[in-house]
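Grab your favourite viewer and a coffee. Here's a set of short exercises to work through, each with its solution.

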Amino acid sequence: MLLRRFLIKIIAKMIRVLDFIFSLLGLIILLPFFIFIGLAIMIDTPGGIFYLQERVGKLSRGFLLIKFRTMQSGSDKQGGLTVGAHDSRITRTGLFLRKYKIDELPQLINVLKGEMSLVGPRPELRKYVTLYSEDQKKVLCIRPGITDIASLEYINENELLGTSSDPERTYIEQIMPAKLELNRKYLNEPTIGNYFRIICQTFKKILR
């Protein structure tokens, strides 16, 4: 048991180093692309380029998650869940960004700062974390990530919610528990191999 804990700590430090290197390189390489996207967002609809939202991170600490803005400004006041690709709040540019998960790329900044990892349970809103059972709260023992097993399994989550008569209830009672259960697989096997495997699977899913 002590050896396993020691190995997990070593792996966690190695992953943090990989996160720092990959996020820094990614931000440098993607900077021209970020500028182009920023201009497209500003031309499309009034408002800022980025959307900041408080999420719950490691050890239940709050942090501001960064995304490219894909909705009309102030849309979050109408609810935190996006219901389908044709949610009326989503902008034309936002539809494209969401389709290819490009809106998530600014989270490389969160990764660089150490608030997130490239791979880990997706960071949740505080109001949903308060609903976690004690067992489910174990996902808070590691850094949240940009992608994970649950994200791959529920890559079309917004479309699923769009077919529900009560999206909030469907998310809380069905989707959220299923995603948390999938996250436990990564918690049980936080290896370098799984780290790279999930990253590769994410690229394949998006490109497909």
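What follows is a few ground rules and then the exercises.

This is a predicted model, so local features need pLDDT of at least 70 and side-chain atom pairs count only at pLDDT 80 or more, while totals for chains, interfaces and linings use all residues. Residues are numbered from 1 along each chain as its sequence is written, and side-chain values use heavy atoms, with hydrogens and water left out.

**Exercise 1. Helix packing around α1**

Work out how α1 packs against α2 and against α8, and which residues do the touching.

*Solution.*
- Step 1: get the terms straight. Helices (H or I, at least four residues) and strands (E, at least two) are DSSP runs, numbered from the N terminus. Axes are lines fitted to C-alpha atoms, for helices over the stretch in contact, and angles run from 0 to 180 degrees between N-to-C directions. Contact means heavy atoms within 4.5 Å.
- Step 2: take α1 with α2. The angle is about 145° and the axes are 8 Å apart. On the α1 side you'll find I37, A40, I41 and D44, and on the α2 side R92, T93 and L97. Sorted by class, that contact has four nonpolar, one polar and two charged residues. (Ala, Val, Leu, Ile, Met, Phe, Trp, Tyr, Cys and Pro count as nonpolar, Asp, Glu, Lys and Arg as charged, and the others, Gly among them, as polar.)
- Step 3: now α1 with α8. Here the angle is about 35°, with the axes 10 Å apart. I11, M14, I15, L18, D19 and F22 of α1 meet I192, Y195 and F196 of α8. The class count is eight nonpolar, no polar and one charged.
- Step 4: look at the rings. F22, Y195 and F196 form one aromatic cluster, and a search of the whole structure gives six aromatic pairs. (Rings of Phe, Tyr and Trp, using its six-membered ring, pair if their centres lie within 6.5 Å.)

**Exercise 2. The second largest pocket**

Describe the second largest pocket: what is its volume, and which residues and elements line it?

*Solution.*
- Step 1: define it. On a 1 Å grid over the protein atoms alone, a pocket is an open set of points where a 1.4 Å probe fits, with protein on both sides within 12 Å along at least five of seven lines; lining residues have an atom within 4 Å of a point.
- Step 2: the volume comes to about 590 Å³. Grid points are joined across faces, edges and corners, and the volume is the space filled by probe spheres set on the points.
- Step 3: list the lining. There are 23 lining residues, and I8, C141, I142, L187 and P190 are the closest to the pocket's centre. α1 (2–44), β3 (117–119) and α7 (167–188) each give two or more residues, and α1 gives the most, with 10.
- Step 4: sort the lining by class. You get 10 nonpolar, two polar and 11 charged residues.

**Exercise 3. Buried or partly exposed?**

Decide whether V139, N194, T91 and I109 are buried or partly exposed, and find what each one touches.

*Solution.*
- Step 1: the cut-offs. Buried means under 20% relative accessible area, exposed over 50%, and partly exposed in between (1.4 Å probe, protein chains only). For the contacts below, skip neighbours within four places in sequence.
- Step 2: V139 sits in the loop between α4 (126–129) and β4 (145–147). V139 counts as buried because its relative accessible area is 7%. Its contacts are P121, Y132, L180, N183 and L187.
- Step 3: N194 belongs to helix α8 (192–207). At 11%, N194 is buried too, and touches Y186 and E189.
- Step 4: T91 is in the loop between β2 and α2. With 5% relative accessibility, T91 is buried; D44, T45, R69, T70, M71 and Q72 are its contacts.
- Step 5: I109 is in helix α3. I109 comes out partly exposed, at 29%, and is in contact with L27 and I66.

**Exercise 4. Backbone oddities**

Where in the fold do L59 and K101 lie, and what is the phi of each?

*Solution.*
- Step 1: the background. Most residues other than glycine have a negative phi.
- Step 2: L59, not a glycine, has a positive phi of about 60°. L59 is in the loop between β1 (50–56) and β2 (62–68).
- Step 3: K101 also has a positive phi of about 60° without being a glycine. Its loop runs between α2 (92–99) and α3 (107–113), and K101 is partly exposed at 28%.

Technical notes. Phe/Tyr/Trp six-rings, centres within 6.5 Å; stacked < 30°, edge-to-face > 60°.
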